[in-house]
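This report takes up two topics in turn, aromatic side chains and the ligand site. Please keep the sequence and the structure at hand while reading.

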Amino acid sequence: MKPRIRINKDVCHSCGLCAEICPNRIMTMDGADGISLRPDRLPFCIACGQCMAVCTSQAIVVDGLAYERDFFALPKGSSEEMPFLEMIKARRAIRVFKNRPVPRELLEKVVEAITFAPPGFTPLKTELTVVQDTAVIRQALPEMIKVYDSLVKAMDNPIARFVVRRKVGAATFNTLKRHIVPLMKNRLPELKQGTEDTLTRYAPAMIIFHAHRDAENYEEDIHIALTYGFLAAHALGLGGSAMSIIPPPIQRSPRLRKLFLIPDTNVVVGSMILGYPKYRYQRGIKRNLRNVTWI
Ligand SMILES: Cc1cc2nc3c(=O)[nH]c(=O)nc-3n(C[C@H](O)[C@H](O)[C@H](O)COP(=O)(O)O)c2cc1C
């Protein structure tokens, strides 16, 4: 069952942080009564806990999560000064950034960290496009929206849907049908109006991970490389997140491939957005693995 969200109006300051931070922008400041919840977006709550982690007054509660049990006090000091385990506990997927470019030397450090990610086989097969020019990301956004718009339209048409299924296979088709298409149907109106960027998140910088389609082990290598990338960003005082919503439109659109200088032979596997985090979290989030068996 999808989680429900409650806001305790007695303690809520209507600061709007939860609305800013929520990946699906479920909370809104639009009503007269401070924060309210958008019913059309409630089903898209992924119970990530970010709203509770950022709330200064513990006013927001997602069903199934409790402040005392599922959160913890964050270590003092910046991530740059913390030992590794403390540092990873304080990491969050950052989707809201200061309007400040990321200096080239920090991007170079993130790239350097990525080179230390272990590959299945050497030499490294991962290729990167580092987008340090924010204008290029803004230029790409309308084309990404177009690709998702065509996908949503195709999935509403039985013949086109059949073609998509044949092309992508049953597993990807089910992901598209059950998750991506409903999500994008909800997001597209604001994306098209230019009032919300739920694809590239107005990020100042982005790294695209791709590899030659015949390279061995490239998908696993890229997922690990991406993890090194966003951990390094966090360690450097930046913030970032993997973004699996970005590679598909780049993969499919010749215009985007050209803009991001992706060779025709390459598959776009991953992306991360990065920049300076705009907001500070009050607490960390604990999560349990489904099961751990010790033998
Ligand atoms: C492989 C991967 C892909 C992701 N893709 C997206 C994405 O497309 N859009 C998005 O808003 N967040 C994306 N995220 C961020 C996750 O939603 C986020 O990590 C998760 O909700 C947990 O939150 P936390 O990272 O703050 O702990 C992705 C994360 C991973 C690891």
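## Aromatic side chains

Tyrosine 67 counts as buried, because its relative accessibility is 10% and the cut-off for a buried residue is under 20% relative accessible area. The model is a predicted one, and the values given here should be read with that in mind. Phenylalanine 71 is likewise buried, with a relative accessible area of 4%.

The structure holds 1 aromatic pair. This pair is formed by the rings of tyrosine 67 and phenylalanine 71, whose centres are 5.6 Å apart and whose planes meet at 35°, so the pair is described as tilted. That label follows because planes under 30 degrees apart would count as stacked and those over 60 as edge-to-face.

## A charge over a ring

Another ring, that of tyrosine 276, has arginine 100 lying over its face, at 3.7 Å from the ring centre.

## The ligand site

The ligand takes up the space of the second largest pocket. There are 14 residues around the ligand, and those that come nearest are Gln50, Arg92, Ala93, Arg95 and Arg287.

Oxygen atoms of the ligand come close to both backbone and side-chain atoms of the protein. A polar backbone atom of alanine 93 is 2.9 Å from a ligand oxygen, and a backbone N or O atom of isoleucine 245 lies 3.0 Å from an oxygen atom of the ligand. In arginine 287, an N or O atom of the side chain is 2.9 Å from an oxygen atom of the ligand. On its own the ligand has 610 Å² of accessible area, of which the protein covers 72%.

Notes. Residues are numbered from 1 along each chain as its sequence is written. This is a predicted model: local features need pLDDT of at least 70, side-chain atom pairs count only at pLDDT 80 or more; totals for chains, interfaces and linings use all residues. Side-chain values use heavy atoms; hydrogens and water are left out. Rings of Phe, Tyr and Trp (its six-membered ring) pair if their centres lie within 6.5 Å; planes under 30 degrees apart count as stacked, over 60 as edge-to-face and the rest as tilted. Buried means under 20% relative accessible area, exposed over 50%, partly exposed in between (1.4 Å probe, protein chains only). A charge sits over a ring if NZ of Lys or CZ of Arg is within 6 Å of the ring centre and within 35 degrees of the ring normal. A residue is near a molecule or strand if one of its heavy atoms lies within 4 Å of it. A polar contact is a pair of N or O atoms within 3.5 Å; within protein, one must be able to donate a hydrogen and the other to accept it, and residues adjacent in sequence count only if both atoms are side-chain atoms. Accessible areas come from the Shrake-Rupley method with a 1.4 Å probe; for residues, only the protein chains shown count as cover. On a 1 Å grid over the protein atoms alone, a cavity is a set of points where a 1.4 Å probe fits but cannot get out, and a pocket is an open set with protein on both sides within 12 Å along at least five of seven lines; lining residues have an atom within 4 Å of a point. A molecule sits in a cavity or pocket if more than half of its atoms lie within 2 Å of its grid points.
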